[in-house]
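Please look through the model shown below before reading on. The report that follows moves from single pairs of side chains to the chain as a whole.

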Amino acid sequence: MKTRLLCLAALTALTAIAPAAKPDSQRLNAIWRHVYDRMEKQNDAWFDQGDFPRCIQSLRLMNSVFPTDYESATSLGWLLESTEQYDEALIAYIKFGKDNLGHPEGPYPEANFYFMRRLYAKVPALLEPTIKQKPHPNSYRILAHSYEKLGLLADSKRVWDTYIELSPDDGAAKNNRARVEKKIKGEIPPAPAAR
C-alpha cells in the first residue's frame, strides 16, 4: 500500500514539473472518430430497442460535440419529428444552419422541413444563396418546386435550367422543367399559388 502511494506521489510530482506536451492532432482526431463511431453504434442499439428518448439525448450530445456533422444533426431532427417534437426538430435544423454558415448544405435541413410542411414561401430565402455553391441536387429540386408552388414560374425554370446544366442526364428534372415551361406558355393552367 505504501509503495502504491509513493508511486502515485512520484507520478504526480513528475507530471507537475514535466513540460506540457503538444497535443498530437492525428491521435486526437482518431480518438474523436472512435468516440463518434461508438456513439453511432449505441444509438443504433437504442433505436432498435425503441429507446427513442435515450437515442435523442445521445444525438443532442453528438450534435453539440460535432456541430458541423450533417448526419448527427439530421438524425436528431428526424427522430424529433418522428416523435412529434416538431418545434425541437426545427430548432435542431436552424442550429445546424447557423453552425454551418456558408456551407451549401447548411440551410438544407431547415428548408426541407418547411417544404415538407408546404411552407413554400420560407424555402427560397434559405436555398437561393446556396445555388452558386453547387449544393446537393435536392436543394435545386425543392427550391424549383417551391417557386412553382408559389407561382414564380420563371424562377422555377431558372433553377431547373441551372441544375440541368450540372446534371444533364436527370430525366425527372427535364420533365419538371418542361412542365414549368408549359405553364409559362399557358399550355397548362397554373395551380393557385401556395403560401
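With which residue does Glu88 form a salt bridge? In this predicted model, the partner of Glu88 is Arg60, and the closest N and O atoms of the two are 3.5 Å apart. Because Glu88 lies in helix α5 and Arg60 in helix α3, the pair ties together parts that are 28 residues apart in sequence. Glu88 is partly exposed, with a relative accessible area of 32%, and Arg60 also counts as partly exposed, at 31% relative accessibility.

**Other salt bridges**

A search of the whole structure finds 12 salt bridges, and three of the pairs, including the one just described, are set out here.

| Pair | N to O distance |
|---|---|
| Glu88 and Arg60 | 3.5 Å |
| Lys183 and Glu148 | 2.6 Å |
| Arg158 and Asp155 | 3.2 Å |

The side chains of Lys183 and Glu148 meet in a salt bridge. This pair links distant parts of the chain, with Lys183 in helix α10 and Glu148 in helix α8, 35 residues apart. Lys183 counts as buried at 15% relative accessibility, and Glu148 is buried as well, with a relative accessible area of 10%.

Arg158 and Asp155, by contrast, both lie in helix α9, which covers residues 153–166, and they are three residues apart, about one turn of the helix. Arg158 is partly exposed, with a relative accessible area of 32%, and Asp155 is partly exposed, with a value of 28%. In addition, salt bridges that share partners join Lys157, Asp161, Arg177 and Glu181 into one network.

One member of that network, Arg177, is found in helix α10, made of residues 171–185. Arg177 is partly exposed, with a relative accessible area of 23%, and, leaving aside its neighbours within four places in sequence, Arg177 is in contact with Lys157, Trp160, Asp161 and Ile164. The C-alpha atoms of Arg177 and Leu153 are separated by 9.7 Å, although the two residues are 24 places apart along the chain.

**A buried charge and a buried leucine**

What is the nearest side chain of opposite charge to Asp69, and how far away is it? Asp69 is buried yet has no salt bridge, and the side chain in question, Lys95, is 11 Å away. Asp69 lies in the loop between α3 (52–65) and α4, and, not counting residues up to four places away in sequence, Asp69 touches Tyr36 and Phe96.

Leu90, which has its place in helix α5, counts as buried at 18% relative accessibility. Leaving aside neighbours within four places in sequence, Leu90 is in contact with Glu110, Phe113 and Tyr114. The C-alpha atoms of Leu90 and Gly77, 13 residues apart along the chain, are separated by 7.1 Å.

**Patches on the surface**

Asp37, Glu40, Asp44, Asp48 and Glu71 gather in a patch of negative charge on the surface. Helix α2, residues 25–48, gives the most to this negative patch, with four residues, and Asp44 is placed in that helix.

A nonpolar patch on the surface is formed by Leu28, Ile31, Trp32, Leu61 and Val65, with about 430 Å² of accessible area together. The elements that give two or more residues to the nonpolar patch are α2 and α3, and α2 gives the most, with three residues. Ile31, whose place is in helix α2, is partly exposed, with a relative accessible area of 40%.

**Positive phi angles in loops**

Glu84 has a positive phi of about 60 degrees although it is not a glycine. Glu84 lies in the loop between α4 (70–82) and α5 (86–99) and counts as exposed at 61% relative accessibility. Phi of Lys134 is near 55 degrees, again a positive value in a residue other than glycine. Lys134 is found in the loop between α7 (123–127) and α8 (137–149), and is exposed, with a relative accessible area of 57%.

**The chain as a whole**

The protein has 10 helices and zero strands. Of its 195 residues, 34% count as buried, while the accessible surface comes to about 12600 Å², of which 58% belongs to carbon and sulfur atoms. Among contacts between residues at least 6 apart in sequence, 46% join residues at least 24 apart.

Terms used: Residues are numbered from 1 along each chain as its sequence is written. This is a predicted model: local features need pLDDT of at least 70, side-chain atom pairs count only at pLDDT 80 or more; totals for chains, interfaces and linings use all residues. Side-chain values use heavy atoms; hydrogens and water are left out. Patches are made of residues with over 30% relative accessible area and no salt bridge: like charges are joined within 9 Å, nonpolar side chains (Val, Leu, Ile, Met, Phe, Trp, Tyr) within 5 Å. Accessible areas come from the Shrake-Rupley method with a 1.4 Å probe; for residues, only the protein chains shown count as cover. A salt bridge is a side-chain nitrogen of Lys or Arg within 4 Å of a carboxyl oxygen of Asp or Glu. Lys and Arg count as positive and Asp and Glu as negative; His and the chain ends are not counted. The place of a charge is taken as NZ of Lys, CZ of Arg, CG of Asp or CD of Glu. Buried means under 20% relative accessible area, exposed over 50%, partly exposed in between (1.4 Å probe, protein chains only). Contact means heavy atoms within 4.5 Å.
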